[in-house]
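Let's take a walk through this model, moving from one helix to the next and stopping at a few side chains along the way. Have the viewer open and follow along.

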Amino acid sequence: MAGLVADTSALVSLGIVSDSDPSPLSLCLDGYAVFVPNAVIEELEEIASYDDKHGQAATAVLDRTAELTVHSVALDAAFPLDDGENAAVTLANEIDATLFLCDEFNSLGLIHASLADTRLVTTPTLLSVFVRMGRLTPDDARTLLDDISTARSWDANSYVQRTRSLLDDS
């Protein structure tokens, strides 16, 4: 099973639609060995303290912590990202993960350049991967992407628009 390291942002995105059938959070946890650093768990716990969609999403992910492999990693003090992203990139490089799941769209270039041999994917890309694998229909993926986009205010996001275009062609 391929190893996937997830950042807080992407886990919250998957958590937003965790009650959907099929659930992309379940597909991710069933299809990959998912690793997270302690810093991501701490960020999820902080987000879960809010009484909004993001808090509910973080709680949904934390409810499945037993299905994650949690690691402690040292932060790179020179890395200009928040602690969760910093630790997740470090973990991905340390365990030579196959995939790094992250939705920090404003920092994807820096994150991509920091990954040694790990492929960077966003939640919209992961949904399209699930379509190619036959685990989601294009209609299911579009609906999930619309729900996530609304909650995350991603309507003008070019990654989301590109994924919608790919799903419309499938």
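**A walk through the helices**

Start with helix H3, which spans residues 38-48: here Ala 39, Val 40, Ile 41, Glu 43 and Leu 44 are buried. Keep in mind that this is a predicted model. The partners that the buried residues of H3 pack against are E1, H1, E2, H4, strand E3 (69-71) and helix H5 (83-95). One of those buried residues, Glu 43, gives us a handy bridge to the next stop. Computed along the chain it is 34 residues from Ser 9, yet the two C-alpha atoms are 9.4 Å apart in space. Ser 9 itself is found in helix H1.

What does the side chain of Ser 9 do there? It has a polar contact with the side chain of Asp 7, at 3.1 Å. A polar atom of the Ser 9 side chain also lies 2.9 Å from the backbone nitrogen of Asp 103. Leaving aside residues up to four places away in sequence, Ser 9 touches Cys 102, Asp 103, Glu 104 and Arg 152. With a relative accessibility of 5%, Ser 9 counts as buried.

Follow that last contact over to Arg 152, which sits in helix H8 (residues 138-152). Its side chain has a polar atom 3.2 Å from the backbone oxygen of Ser 9. Beyond residues up to four places away in sequence, Arg 152 touches Ser 9, Val 12, Ser 13, Ile 16 and His 54. Now for the charge. Side chains of opposite charge can pair when their charged atoms come close. Arg 152 is buried but has no salt bridge, and the nearest side chain of opposite charge, Asp 103, is 5.5 Å away. The cut-off for a salt bridge is 4 Å from nitrogen to carboxyl oxygen, so a separation of that kind does not count.

His 54, one of the residues that Arg 152 touches, also takes part in the meeting of H1 and H4. Two packed helices are described by the angle between their axes and the distance between the axes. For helix H1 (residues 8-16) and helix H4 (residues 53-62), the axes come within 7 Å and cross at roughly 95°. That makes H1 roughly perpendicular to H4. On the H1 side, the residues involved are Leu 11, Val 12, Gly 15 and Ile 16, and they meet His 54, Ala 57, Ala 60 and Val 61 in H4.

H1 and H4 turn up again around helix H2 (residues 24-31), where Pro 24, Leu 25, Leu 27, Cys 28 and Leu 29 are buried. The cover over these buried residues includes strand E1 (3-6), H1, strand E2 (33-37), H4, helix H7 (123-132) and H8. Look at the start of H2, too: a side-chain oxygen of Ser 23 comes within 3.2 Å of the backbone nitrogen of Leu 25.

From H2, step across to H7. How many of its 10 residues are buried? Eight are, so H7 is mostly covered. They are Thr 123, Pro 124, Leu 126, Leu 127, Ser 128, Val 129, Phe 130 and Val 131. Among the elements covering them are H1, H2, strand E4 (99-101), strand E5 (119-121), H8 and H9. After H7 comes Gly 134, with a positive phi near 80°.

Last, the salt bridges. A search of the whole structure finds four. One of them joins Glu 67 and Arg 64, with the closest N and O atoms 2.8 Å apart. Glu 67 counts as partly exposed, at 38% relative accessibility.

Back in H8, Asp 139 and Arg 142 meet in another salt bridge, at 2.5 Å from N to O. These two are three residues apart in helix H8, so about one helical turn separates them. Arg 142 has a second partner as well: a salt bridge links it to Asp 168, the closest N and O atoms being 3.3 Å apart. Since Arg 142 lies in helix H8 and Asp 168 in helix H9 (residues 158-169), this pair ties together parts that are 26 residues apart in sequence. Put together, Asp 139, Arg 142 and Asp 168 are linked in a network of salt bridges. Arg 142 is partly exposed, with a relative accessible area of 21%, whereas Arg 152, in the same helix H8, is buried and has no salt bridge.

Notes
Residues numbered from 1 in each chain as written. Predicted model: local features only at pLDDT ≥ 70, side-chain atom pairs only at ≥ 80, totals over all residues. Heavy atoms only, no water. Helix = DSSP H or I, 4+ residues; strand = E, 2+ residues; numbered from the N terminus. Buried < 20%, exposed > 50% of the residue type's maximum accessible area, 1.4 Å probe, protein only. Lys, Arg positive; Asp, Glu negative; His and termini not counted. Polar contact = N/O pair within 3.5 Å; in protein donor to acceptor, adjacent residues only side chain to side chain. Contact = heavy atoms within 4.5 Å. Axes fitted to C-alpha atoms, helices over the stretch in contact; angles between N-to-C directions. Parallel < 35°, antiparallel > 145°, perpendicular 65-115°, else oblique.
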